[in-house]
Amino acid sequence: MSISREEVEHVAHLARLGLSEEEKTRLQRQLSQILETMRAIDQVDTTTIPPTAQVIPLDTIMREDVARPSAPVDDILRNAPSHEAGFFRVPPVLETGDRDL
Amino acid sequence: MELIDLTVIQALAGMRSGELSSEELTRAYLARIERLDRGLVQAYLTVTPELALEQARRADARRRAGEDAPLLGVPMALKDLTLTKNVRTTCGSKMLEEFVPIVDATITTRLYDAGAVLLGKLNMDEFAMGSSTENSAYFPTRNPWGDLTRVPGGSSGGSAAALAARLATFTIGSDTGGSIRQPAALCGVVGFKPTYGRVSRYGLVAFASSLDQFGPFTADVSDCALITQVISGHDPLDSTSLDAPVPSYMSELGADLKGVRIGVPTEYFVDGMEGGVERAVHAALDVLRSLGADVEEVSLPHTDYGLTSYYLIAPAECSANLARYDGVKYGYASPDAESMWDSYYKTRGHGFGAEVKRRIMLGTYALSSGYYDAFYLKAQKVRTLIKQDFDRAFERYDALVAPTSPTVAFKLGEKVDDPLAMYLNDVCTIPVSMAGLPGLSVPCGLSEDLPVGLQVIGKPLAEGTVLRVAHAYEQAAGWAGLRPELSH
């Protein structure tokens with residue numbers, strides 16, 4: 001199967017992945033090849049087969065809703081690319097002309 | 001025998017009898033790492049000499065005070081996706097180049113509590129995606145076998161190569177589709193992926209959460225049983241960890257194989273398997289027969305679809321897990337972003353390497369509107385069929401035995417530009433992961449002077465049976481202690 005350049009761009013947008021023009025060209029070719037190979041699963045009849053999301057015989061684990069101490073804010077912020085006054089600092093979110101808004 | 005050649009059990013015996021101190025042993029490894037690692041094997045991303053010596057001295061002091069612990073004073077190294085408090089944890093990625101965890105993974109805590117000493121953190125394919133360790137954002141690791149011209153396998157290539165080169169007494173890796181077993185096979189060491197849920201994943205930087213599992217690399221099966229014992233067990237911090245008792249794995253060792261029923265899945269002898277690998281595995285089956293096991297062929301008909309369904313499910317889970325790298329909370333952030341949205345694209349576009357981007361794209365595609373049913377859901381249904389194959393086989397057999405990898409270690413650079421050829425390396429290990437079963441690779445000889453691995457597969461939570469079969473084989477076959485010649 002073949003993936004179009006527009007599909008590559010659409011999927012990259014969904015994944016918030018910035019790709020160069022060269023990367024788009026390469027991924028278009030590679031994803032087409034890989035998905036063609038993975039399509040082999042179409043040959044399997046699964047009409048009556050339930051999906052398996054995980055293999056262990058566990059249901060949702062519940063615990064008491066008790067507050068526990070969390071990590072100190074200073075420790076958490078130590079790994080932040082940018083922070084200020086106890087908060088994560090990020091580039092402007094509300095800018096005009098953004099296609100995501 | 002040199003200090004660095006000691007197994008975990010031999011090192012412990014030496015320390016318990018007072019012939020040897022942890023500090024001596026730790027210094028011997030640190031000196032060897034200094035001499036053989038950077039520029040040669042390149043297994044370590046980070047070496048922690050000060051921490052190691054401090055932990056070693058503390059272990060020696062505890063011993064002098066009459067204390068003991070299961071791994072007291074034993075020098076180890078961890079795959080660099082294992083959280084280590086105050087020690088950089090990169091996951092082989094530029095995205096986490098400066099990431100210093102504020103907590104330990106549960107496995108780290110358990111190993112520290114057992115008295116182990118941390119020598120450092122080991123190289124890996126970025127975010128554990130790869131089969132050669134060439135996808136590390138830092139440098140490739142070289143297989144100590146084959147004049148340092150070959151890959152160690154992956155993604156836990158640093159863990160396997162460090163052990164084969166005797167740069168640690170034991171190491172820890174993680175396995176999602178074969179990332180412990182395949183590098184263990186290619187480097188001629190023992191590598192074990194326990195049952196999914198047997199070992200807590202708390203503090204394992206996530207790749208594919210329904211498949212990821214920690215496990216040990218060791219010089220022999222006895223060491224493997226001991227380390228598995230220490231790291232196994234329920235953890236309230238990982239809700240997928242199994243709340244099942246951990247039996248004594250060491251006491252499984254030594255039993256013979258009379259009446260043990262072993263199935264050999266014919267589909268694992270795939271097209272393109274090297275003749276030398278096939279011969280070594282068949283010779284191993286003869287050894288198992290000579291030990292009294294009933295060995296016969298079995299069919300796992302959906303094996304072929306293991307690889308194809310895995311490369312939809314694992315990338316799908318990866319695309320969800322890696323959404324967390326947003327340049328806000330931790331990790332790399334693009335310095336020249338103009339807006340929050342621009343920052344996401346640039347941070348993720350620059351911070352991730354080629355294979356990680358490929359998997360995120362593949363997984364996002366398989367989960368996207370219009371393709372979810374045909375790819376992701378379909379793959380999950382195929383996963384059910386793969387598991388049912390194993391369920392049926394285990395009605396008749398106590399264990400399954402197969403090749404670990406269809407080839408011996410290949411040349412560095414040989415497959416790095418061909419993702420599909422690289423994916424095929426895991427064809428014999430992936431179905432086992434998809435079914436969540438314990439799988440161990442034990443050396444079963446050489447082909448073209450390079451190691452071959454035999455894979456032993458068990459029922460869920462039958463780690464003991466897997467270790468027993470592997471141990472009996474190892475004792476009879478005599479490949480343990482096989483070492484590469486490092487002429488440096």
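**Exercises on cavities and a chain interface**

The largest cavity has a volume of about 80 Å³, where a cavity is a set of points, on a 1 Å grid over the protein atoms alone, at which a 1.4 Å probe fits but cannot get out, and a volume is the space filled by probe spheres set on the points, which are joined across faces, edges and corners. This is a predicted model, in which local features need pLDDT of at least 70 and side-chain atom pairs count only at pLDDT 80 or more, while totals for chains, interfaces and linings use all residues. Residues are numbered from 1 along each chain as its sequence is written, chains are lettered from A in the order in which they are written, and side-chain values use heavy atoms, with hydrogens and water left out.

**Exercise 1.** Find which residues are closest to the centre of the largest cavity, and describe its lining by class.

*Solution.* Begin with the lining, whose residues have an atom within 4 Å of a point. There are 15 of them, and the closest to the centre are Gly188(B), Val189(B), Ala219(B), Leu482(B) and Arg483(B). Next, sort the lining into classes, which gives 11 nonpolar, two polar and two charged residues; here Ala, Val, Leu, Ile, Met, Phe, Trp, Tyr, Cys and Pro count as nonpolar, Asp, Glu, Lys and Arg as charged, and the others, Gly among them, as polar.

**Exercise 2.** Do the same for the second largest cavity.

*Solution.* The volume of this cavity is about 60 Å³. Of its 13 lining residues, Gly130(B), Ser179(B), Tyr310(B), Tyr311(B) and Asp426(B) are the closest to the centre. The classes are six nonpolar, five polar and two charged.

**Exercise 3.** Describe how much of chain B and chain A is buried between them, and which three residues of chain B supply the most area.

*Solution.* First count the residues in contact (heavy atoms within 4.5 Å): 63 come from chain B and 57 from chain A. Then take the buried area, the accessible area (1.4 Å probe) that two parts lose on being put together, summed over both; the two chains bury about 5300 Å², with 71% of it on carbon and sulfur atoms. Finally, Trp341(B), Tyr345(B) and Met361(B) supply 15% of the area that chain B buries against chain A, more than any other three residues.

**Exercise 4.** Locate the salt bridge across the interface of chain B and chain A.

*Solution.* The rule asks for a side-chain nitrogen of Lys or Arg within 4 Å of a carboxyl oxygen of Asp or Glu, and it finds one such bridge across this interface. The partners are Lys357(B) and Glu23(A), at 2.5 Å from N to O.

Conventions:
1 Å grid on protein atoms, 1.4 Å probe; cavity = no way out; pocket = protein on both sides within 12 Å on 5 of 7 lines; lining within 4 Å.
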